[in-house]
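Please open the model in the viewer and display side chains as sticks. The tour below proceeds by selection, with a short account of what is found at each stop.

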Amino acid sequence: MKKTIIPTNYESVLNVYDTQTAIGFIKRCFEEALTGSLKLKRVSAPLFVHQQSGLNDNLSGVERPVQFDVPSLKNNGEVVHSLAKWKRVALKQYDFHAGNGLYADMNAIRRDEVLDNLHSIYVDQWDWERVISKEQRTIDYLKEVVQGLVNAMAETASRLHTKYPSVNIPIQTEVSFITSQELADLYPGLSSKDREHAYVKEHPTTFIMQIGAELNDGESHDHRAPDYDDWSLNGDLLFWHEPLKCAMELSSMGIRVDDKSLLEQLEKANATDRLAFDFHKQVANNELPLTIGGGIGQSRMCMLLLGKAHIGEVQVSLWDDETIEACDGKIFLL
């Protein structure tokens, strides 16, 4: 199966020049809407962390971070996969309190990604985190925040259409919430990804909850690191992408682990050795604030709202010969 899909009769709505200006417009509009909805302040963020800090996102546990030596330091640097853990530490250090949070432009290298229409080795996203109270560690609060994000996207899409009338991709604000187990029960004969496509086709804005733990069949819907999201209070936000006829994940987010869920999930993942890291010690000792947070793909949002068929149309990255050959004369890769 070809990894690069060229939709039949595909033609970008905007030319390359207008695409560049539209990308900037989308990012400015969404940041305004997001920060207003969640009361977030922009902060500077690291491109790399100490290899032994325990602050990098381990993703599914098999991806290799880009590492480099720093002669002036005693250990190596490591390019971040995301800021999932760093943000929680920053909220404490910057003296944020319940009801307020931060966001940052996160740029990363995920060198083990399999390149296709939706995946690149370059990752750019809005990484955000907000301090919450103990009482807000609930599914209802998670849903409330998800709805706020979707409303911010819908506002951005509306403003984009006003500026570029030829671009008309409205965002359905009614979110369909479903757990990963409910999804598996609904489509027992399909893989997790095929379940997503089948469900999101009928429910264009979907939030799949409770990702990471084993389902009744012994498999998990998708892998999640055990040390930042609480697997019972997290999820993925997906939208139907019409040009590719598929579900597109735009955000992975959740209420973060507390001391109890951290220990439980580390044991399930056979990763209790991580308790040696400062970050994990602080969570286990209740020294970090309770938070909710996630990442929102910048390039994917631009791809979705502009109706683009390949992520290389909205970001500059490296592509293999197969991708370049498939796109030649059909899709303009930046």
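Select Phe177 first. In this predicted model, Phe177 has a relative accessibility of 24% and therefore counts as partly exposed, since buried would require under 20%.

Next, add Phe207 to the selection. Its relative accessible area is 0%, so Phe207 is buried. The ring centres of Phe177 and Phe207 lie 6.0 Å apart, and because their planes meet at 65 degrees the pair is edge-to-face; the cut-off for that class is over 60 degrees. Colouring by secondary structure shows Phe177 in strand β7 (residues 176-179) and Phe207 in strand β8 (residues 205-209). The pair thus links distant parts of the chain, 30 residues apart.

How many aromatic pairs does the structure hold? There are 3, and another of them is reached by selecting Phe30 and Trp126. These two rings form a tilted pair, with 4.8 Å from centre to centre and 45 degrees between the planes. Phe30 belongs to helix α1 (residues 16-38) and Trp126 to strand β6 (residues 122-131), so this pair ties together parts that are 96 residues apart in sequence.

Now display the surface around this pair. Are Phe30 and Trp126 buried or exposed? Phe30 counts as buried, at 1% relative accessibility, and Trp126 also counts as buried, at 0%.

For the final stop, select Phe25 together with Lys163. The charged end of Lys163 sits over the ring of Phe25, at 5.5 Å from the ring centre.

Note on methods: Residues numbered from 1 in each chain as written. Predicted model: local features only at pLDDT ≥ 70, side-chain atom pairs only at ≥ 80, totals over all residues. Heavy atoms only, no water. Phe/Tyr/Trp six-rings, centres within 6.5 Å; stacked < 30°, edge-to-face > 60°. Helix = DSSP H or I, 4+ residues; strand = E, 2+ residues; numbered from the N terminus. Buried < 20%, exposed > 50% of the residue type's maximum accessible area, 1.4 Å probe, protein only. Lys NZ or Arg CZ within 6 Å of the ring centre and 35° of its normal.
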